Amino acid sequence: MSDGGLTVSSAVGPTVVQRWRAIRWVALGVIVIAAASVLTTVLTSPRPGGPMEPGSTSPDGARALLSLLRDQGIDVVEAGSISDVERAARPDALLVLAETHYLSDDDGLQRLAAVPGDRLLVDPVARARKVLAPGIRVALSSTLGGDPDCDMPEANRAGDVQFGVTSTYEAEGDTELTRCYGGALVRYSDGEHTVTVVGSADFMTNAGLLKEGNAALAMNLTGTRPRLIWYAPQQFQTETHGGSSLTDLIPDRAKWVVWQLCVAVILVALWRGRRVGPLVAEDLPVVVRASETVEGRGRLYRSRRARDRAAEALRTATLHRVLPRLGLGPNAEPSAVTQAVAQRIGGDPNVLGHLLFGAPPESDADLVNLANQLDDIERQVALS
């Protein structure tokens, strides 16, 4: 607008509302991305815990087994107390009891014995075994595995397993007992319950499932009923202990002192901590050529007349380079390697076997001849 030669601008800058409309979708996108990242981190982060704890991803945890059972449609209930077990129990459920050394209250054991359904005891202690599985007694402890050698369907479908160090069991009185794997896995029926006892928990853990038929046996034993109640207490379940932790035993005033000391230590560490500067490139003090290393080892072998070790080193290096070309693994039998080389390059298998796996050479000339022949074998295999 012009007034007597004076020009006044009427343009007005963007308001706060206009600016918000311009950036709101960008802000919303950033919030969504941040929320998705946090959710992914929470869901995929490791969850360490105690032995046989259902949510633990540590090697001795049981999260992998329970995840497999849920994928098979099993209703898995993670019980945190005896009351949880009683609420979830029903006649068509299977109760899995592990870490029974925390069940030191006779009243609690009697309550567990009264719940309906079958039960699977994993390495039970004497007190729990007498109440929950009175039809068996301990025979001995040993390292067992291998073939089940019994008529239990779950064990026969799994085949060979590795229990590690395990207890074995035998019948108490006139109990009709099914014993598998030399007694490491037993089962009997008392009329109301089918009681299964296994002497080791290693085959059911996250790390143990990877060995032989361990995963199959663990899933077969725990997946026999539509509902599985998993109870593996991580602290004492008695009125005497009350589940108290170490922090519960520290007086309130002492807690404040501990926190103040922690803050003081952190402040001192930040004050006195070394400031890390940029990386500095530094040349190596010595460069050793590969040929010099080979010659040095050769002189050392010659000075000690270690023709056997030199020949072993040459043969090992040749096999290391030849076996992948033959489609064989590093633990292949000598006869299989010899036959494969003979089929690939021709020649007498006996001669090839002597060159690759024979006795040490008797002289330096024989060692040099062996090196040349091994080099020739390797070259023919590479070119074939």
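The legends below describe close-up views of a predicted model.

**View 1. Helix α4 and its buried side.**
Helix α4 spans residues 106-114, and its buried residues are G108, L109, L112 and A113. These residues cover an arc of only 140 degrees around the axis, which puts them on the same side of α4. An α-helix has 3.6 residues a turn, so residues three or four places apart point the same way. What do the buried residues of α4 pack against? Their partners are two helices, α3 (82-88) and α5 (126-132), and three strands, β4 (93-97), β5 (118-122) and β11 (227-231). At the N-terminal end of α4, D105 acts as a cap. A side-chain oxygen of D105 lies 3.3 Å from the backbone nitrogen of D107.

**View 2. Strand β5, covered on both faces.**
Why is β5 described as largely enclosed by the rest of the structure? Five of the five residues of β5 are buried, so the description follows from the count. In a regular strand the side chains alternate between the two faces of the sheet. In β5, one side carries D118, L120 and V122, while R119 and L121 are on the other. Residues on both sides are buried, so neither face of β5 is left uncovered.

**View 3. The neighbours of β5: strands β4 and β10.**
Strands β4 and β5 run parallel and are joined by four bridges. Within this pairing, L97 has L121 of β5 as its bridge partner. Together with helix α4, these two strands make a β-α-β unit, and the unit is right-handed. Strand β5 also pairs with β10 (residues 194-198), again in the parallel sense and over four bridges. Which residue of β10 is the bridge partner of R119? The partner is V195. Another residue of β5, L120, stands opposite T196 in β10.

**View 4. Strand β10 and the hairpin it forms with β9.**
Four of the five residues of β10 are buried, so this strand is largely enclosed by the rest of the structure. Strand β10 pairs with β9 as well, in the antiparallel sense and over five bridges. One bridge in this pairing links L185 with V198 of β10. The two strands form a hairpin, with four residues between them. In the turn, G191 has a positive phi of about 100 degrees.

**View 5. R187 in strand β9.**
R187 is found in strand β9. Is R187 buried or exposed? Its relative accessibility is 18%, and the limit for a buried residue is under 20%, so R187 counts as buried. The side chain of R187 makes a polar contact with the side chain of T196, at 2.8 Å. Leaving aside neighbours within four places in sequence, R187 is in contact with several residues, including M152, E154, T194, V195 and L221. E176, L177 and T178 are also among the contacts of R187.

**View 6. An aromatic cluster of F163, Y181 and F203.**
How many aromatic pairs does a search of the whole structure find? The search finds two. A pair of aromatic rings is described by the distance of the centres and the angle of the planes. For F163 and Y181, the ring centres are 5.1 Å apart and the planes are at 75 degrees, so this pair is edge-to-face. F163 lies in strand β7 (residues 161-171), and Y181 in the loop between β8 (178-180) and β9 (185-189), so the pair ties together parts that are 18 residues apart in sequence. The rings of F163 and F203 have their centres 5.3 Å apart and their planes at 75 degrees, so they too are edge-to-face. F203 lies in the loop between β10 and α7 (214-222), so its pair with F163 ties together parts that are 40 residues apart in sequence. F163, Y181 and F203 form one aromatic cluster. F163 counts as buried at 1% relative accessibility, Y181 at 2% and F203 at 0%.

**View 7. R227 in strand β11.**
R227 lies in strand β11. Its relative accessible area is 17%, and R227 is buried. Not counting residues up to four places away in sequence, R227 touches D75, V77, A88, R90, D92, A93 and L94.

Key
Residues numbered from 1 in each chain as written. Predicted model: local features only at pLDDT ≥ 70, side-chain atom pairs only at ≥ 80, totals over all residues. Heavy atoms only, no water. Buried < 20%, exposed > 50% of the residue type's maximum accessible area, 1.4 Å probe, protein only. Arc of directions from axis to C-beta. Contact = heavy atoms within 4.5 Å. Polar contact = N/O pair within 3.5 Å; in protein donor to acceptor, adjacent residues only side chain to side chain. Pairing = 2+ DSSP bridges. Right-handed = clockwise from strand over helix to strand, strands pointing away. Phe/Tyr/Trp six-rings, centres within 6.5 Å; stacked < 30°, edge-to-face > 60°.
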